[in-house]
Amino acid sequence: MFNDSSASNENKTPILLHPRKRAELLEKGMALFNNELFFEAHEEWERLWLLEQGRDRLFIQGLIQVAGHLVHVQKGQWSGAMGLLKLAREKLLAPIGVSNPHYKALDIEPLLAALDYNEELLLKVNPTTPPPVAGAFLVPKLFLHHAGDF
């Protein structure tokens, strides 16, 4: 009988994803994100997410959700912004297990700090107070710990 359990494959990266292609997709998404083109960054990272597996896949999904959070902030959609913020943080803070060195090189501390700050703003949103302006939210930039890793 064939065992369909994905537990043994959870942390394996598919062979079909060449390391240069992975780096290219990650970097394209980072450039778009750093230029505040969050929807476009989401689209680029989704291409990568579709090819990943295990913990690396969850990490990329967390980046996609941060980009989605910021799209909602830009549009003033506070409920959606809060929902994606929580999902993104959960994925980015999941137990260590990211296996790909490209992902390990990404400094996510600014992302996490921005999510914390933005959550505080969103928690203050209620029907009796004016909503925050989109410019009040923190919009982090993405950097690599070691640019020579690619």
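Two residues are in contact here when they have heavy atoms within 4.5 Å of each other. Keep that in mind while looking around Phe33, since the model, a predicted one, has a lot going on at that residue. Leaving aside residues up to four places away in sequence, Phe33 touches Phe38, Ala41, Trp45, Val66, Ala67, Leu70, Leu111, Pro140 and Leu142.

**The overall layout**

Let's step back for a moment. The protein has six helices and zero strands, so to read it from the N terminus is to go α-α-α-α-α-α. Of its 150 residues, 40% count as buried. Take the contacts between residues at least 6 apart in sequence, and 71% of them join residues at least 24 apart. On the outside, the protein exposes about 8,600 Å², with carbon and sulfur atoms supplying 59% of that area.

**The core**

Which members of the largest nonpolar core touch the most other members? Among its 35 residues, the answer is Phe33, Trp45, Ile60 and Leu63. The elements giving two or more residues to this core are α1 (19–34), α2 (38–49), α3 (54–75), α4 (78–92) and α6 (109–123). Helix α3 gives the most, with nine residues.

**The aromatic corner**

Back to Phe33, this time for its ring. A pair of aromatic rings is described by the distance of the centres and the angle of the planes. The protein has three aromatic pairs by the rule used here, and two of them involving Phe33 are set out below.

| Pair | Centre to centre | Angle between planes | Arrangement |
|---|---|---|---|
| Phe33 and Phe38 | 5.1 Å | 70° | edge-to-face |
| Phe33 and Trp45 | 5.8 Å | 35° | tilted |

Why is the Phe33 and Phe38 pair called edge-to-face? Its planes stand at 70°, and angles over 60 degrees count as edge-to-face. Phe33 and Trp45, at 35°, are tilted instead, because that label covers what is neither under 30 nor over 60 degrees.

The Phe33 and Trp45 pair also does some linking: Phe33 lies in helix α1 and Trp45 in helix α2, so the pair ties together parts that are 12 residues apart in sequence. Phe33, Phe38 and Trp45 form one aromatic cluster.

Are these three rings' residues buried or exposed? Phe33 is buried, at 0% relative accessibility. Trp45 is buried with a relative accessible area of 0%, and Phe38 is buried with 2%.

**A charge over a ring**

One more aromatic detail concerns Trp49. The charged end of Arg57 sits over the ring of Trp49, 3.9 Å from the ring centre.

Conventions. Residues numbered from 1 in each chain as written. Predicted model: local features only at pLDDT ≥ 70, side-chain atom pairs only at ≥ 80, totals over all residues. Heavy atoms only, no water. Core = buried A, V, L, I, M, F, W, Y, C linked by side-chain atoms within 4.5 Å. Buried < 20%, exposed > 50% of the residue type's maximum accessible area, 1.4 Å probe, protein only. Helix = DSSP H or I, 4+ residues; strand = E, 2+ residues; numbered from the N terminus. Phe/Tyr/Trp six-rings, centres within 6.5 Å; stacked < 30°, edge-to-face > 60°. Lys NZ or Arg CZ within 6 Å of the ring centre and 35° of its normal. Areas by Shrake-Rupley, 256 points an atom, 1.4 Å probe, with all protein chains shown as cover.
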